[in-house]
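Here is a friendly walk through one protein chain. Please keep the sequence and the model side by side as you read.

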Amino acid sequence: MRESTLFKHLTSSAIVTACCVLGLLYFGRDVLEPLALAVILSLVIAPLIRTLRRIGLGQVPATMLSVLMVGTCVVGLGIVLAFQLVAVTGDLPKYRAAIRTKVAAVREMTERPFARIEAEISAVQPQAQQSGTVSSRRGMSTVTVSPTQPLPVEIRQPRLTTRDSLTRLFAMAFGPLGEAGLVLVLLVFISLEHESLRDRLIRLAGQTEINRTIRTLGDAAQGVSRFFLSQFIVNLTFGTLIGLLLWLAGVPHAGLWGALSGMLRFVPYIGVMAAGAVIAVFVAAIDPGWQLALSCIALFVALELFVANVVEPKVYGHSSGLSPLAVIVSAVFWGAMWGPVGLLLSTPLTLCFVVAGRHVRGLEPVTILLGDAPNVSGAQRLYQRLLSADSDTIVRDAHAYLRRASFARYCDKVLLPGLALAGADMRAGRIDAGQMETMRAAMGRVAATLNPEGRTPARTRRRRDVSLLDANLGAYLRQMRETRQGRWQGSLDVPAHSVVLCAALAVERDELLAELLVSALRDANIDARSTLLGSADRPGPEKAELISTVILPYPVEDRLGDWLSAVTELRTHLPDALLATVKLPFDQSTVPQPAVEEHVDIVLRSFEEALAFVAPERAPRA
């Protein structure tokens, strides 16, 4: 398993550097906010600029036209929404009576339970305590006015002149307008110098990091552009549907509420909640009853749940590259750092760091913690669950894997590599006897549950009920098969050359591989059976005509002589059967392959390859 990257880089200098970076982000937000916003917007409009350049425009005309088009759309949308808001403000006096009635009703509904509780408590109190309370209250209600008590003084603000009003209005508008203008200027120059800035960053990274830097910049630009495009399409569709549904319900200014819902969805989680609250308050104000308000809320919640849980995972859930928890954490972090602007830019900024962490070693912990998929392979996950004896999770993950792949592929990609990790740690002394016993018990339950003859999460017997499990997992699985299907694991009244025999020496490694290979072949409807070489149940001449192929595990050094003797015996008793051996990629055997190839017909490299060799027409497609 890989060493922990997070704790390897967690040194005192790294902590000091992180604190300095956090301080720079917070205190330098006045400069960094417009710069980050301009960089993100430049990545968003970069595909439009490239499209205009492909049709023959130069860099400057394409950039200016792209910025002009985007700016015109934003300004036009803002003007339309401003007029809509003015219209809503003008209509609010008509709904004043309904608003007062609804507020009174809500207040009564919320205060009535507390008033009832207070009345019940007051009724239980003793009469003397009540009278004492009344007298004390009466005593407290007496107020003595002192002659030296100061008189109240009212301070009146001077009346503002027209010049003062214009100055205050200009000061209020200069902040957002000035920041928007600064972002626009930065956007133009960053878009014009896009190629030059990329070359400068590559030059800054150094000659040895050119490949990594180019991949980082390309992945970041592509990821942000793809994410924003997908998000824009989803939010536009969501806002359109909300506006259409509200218009069909007869809600005034439905277009405004649809546009507001679509825009606020760019703010993770909080935005859609705010949009729903505004729509609910407005609909409750215009309708004398509660039916329309509750219906609109139900439609809004149902559509949001459908989009968030069905549409988004298919459209851009995987393209965002962030886990759902990472989206929330990034929104909280950047919102605390930069306020509303940070909340809006939280997802693309975090996405850039996650993409950079795939190529920059110092940022790799960010990718591990915030990426959409944990940096753990299926084999590592299996090994971790075996150590904790969490067989239920292993079986659940296996069933999910087997719904889209074969049992042979599951063995090749997950089960056998996970067991190889366990074997490597056992040889290195990192696993004690107790852990090995726990892992063997969990593996026995998993293998018994995943058996193709009955692939249902049925209950299996406890480990202490089967003594063989403590000594040999492969022998335990073979005994279970013989108990369930008989000594020969099925009827012998089968066509000639239809049986595939998986033979093994009397060691746990070989018996386990043979039993798993039988399960993989039976999963593909192949009549596979297992046998123990050197035992009384080994195949004799009377069964030779039934067997078409014999497959053995690859030999190990200390049992090479026994393996060669078994192969010679198989050649004698089964002269017409094909003889194959399986050498897995992670096998630790040091026996040279040429020494094995001269005794078998073929050396296979995986269970899937064995399945393709035995029955090519039944092998799963890659």
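The report below takes up confidence, an enclosed cavity, a helix and two loop residues.

**Confidence**

Please bear in mind that this is a predicted model. The average pLDDT of the chain is 75, and 73% of the residues reach at least 70. Residues 128–141 have a pLDDT below 50, and this stretch makes 2 contacts beyond near neighbours in sequence. Another stretch, residues 454–470, also stays under 50. There the model has 32 contacts beyond four places in sequence. Where pLDDT is low, the predicted coordinates should not be read in detail.

**The second largest cavity**

Rolling a probe the size of a water molecule over the atoms shows where empty space is left. For this model the count is 7 cavities of 30 Å³ or more. The second largest cavity holds about 60 Å³ of space. Which elements give two or more residues to its lining? They are β1 (499–504), α22 (508–523) and β3 (547–553). The lining is made up of Cys502, Ala503, Leu513, Ala514, Leu517, Ile551, Leu552, Pro553, Val582 and Phe607. Sorted by class, that lining has 10 nonpolar residues, with no polar and no charged ones.

**Helix α19**

Does the span of helix α19 agree or disagree with its length in residues? The helix covers residues 433–449, and its 17 residues should span 24 Å at 1.5 Å a residue; the end C-alpha atoms are 24 Å apart, so the two agree. Buried residues of α19 are Met439, Arg440, Ala441, Ala442, Met443, Gly444, Val446, Ala447, Ala448 and Thr449. An α-helix has 3.6 residues a turn, so residues three or four places apart point the same way.

**Two histidines with positive phi**

Most residues other than glycine have a negative phi. His253 has a positive phi, near 55 degrees, and His497 likewise has a positive phi near 55 degrees. The table sets out where each residue sits and how accessible it is.

| Residue | Phi | Loop between | Relative accessibility |
|---|---|---|---|
| His253 | near 55 degrees | α9 (210–248) and α10 (254–264) | 18% |
| His497 | near 55 degrees | α21 (473–485) and β1 | 46% |

Is His253 buried or exposed? His253 counts as buried because its relative accessibility is 18%, and buried means under 20%. His497, in the loop between α21 and β1, counts as partly exposed because its relative accessibility is 46%. The element that follows this loop, β1, also gives two or more residues to the lining of the second largest cavity.

Technical notes:
Residues are numbered from 1 along each chain as its sequence is written. This is a predicted model: local features need pLDDT of at least 70, side-chain atom pairs count only at pLDDT 80 or more; totals for chains, interfaces and linings use all residues. Side-chain values use heavy atoms; hydrogens and water are left out. On a 1 Å grid over the protein atoms alone, a cavity is a set of points where a 1.4 Å probe fits but cannot get out, and a pocket is an open set with protein on both sides within 12 Å along at least five of seven lines; lining residues have an atom within 4 Å of a point. Grid points are joined across faces, edges and corners, and a volume is the space filled by probe spheres set on the points. Helices (H or I, at least four residues) and strands (E, at least two) are DSSP runs, numbered from the N terminus. Ala, Val, Leu, Ile, Met, Phe, Trp, Tyr, Cys and Pro count as nonpolar, Asp, Glu, Lys and Arg as charged, and the others, Gly among them, as polar. pLDDT is the predictor's confidence in each residue, from 0 to 100. Contact means heavy atoms within 4.5 Å. The expected span of a helix is 1.5 Å times one less than its number of residues. Buried means under 20% relative accessible area, exposed over 50%, partly exposed in between (1.4 Å probe, protein chains only).
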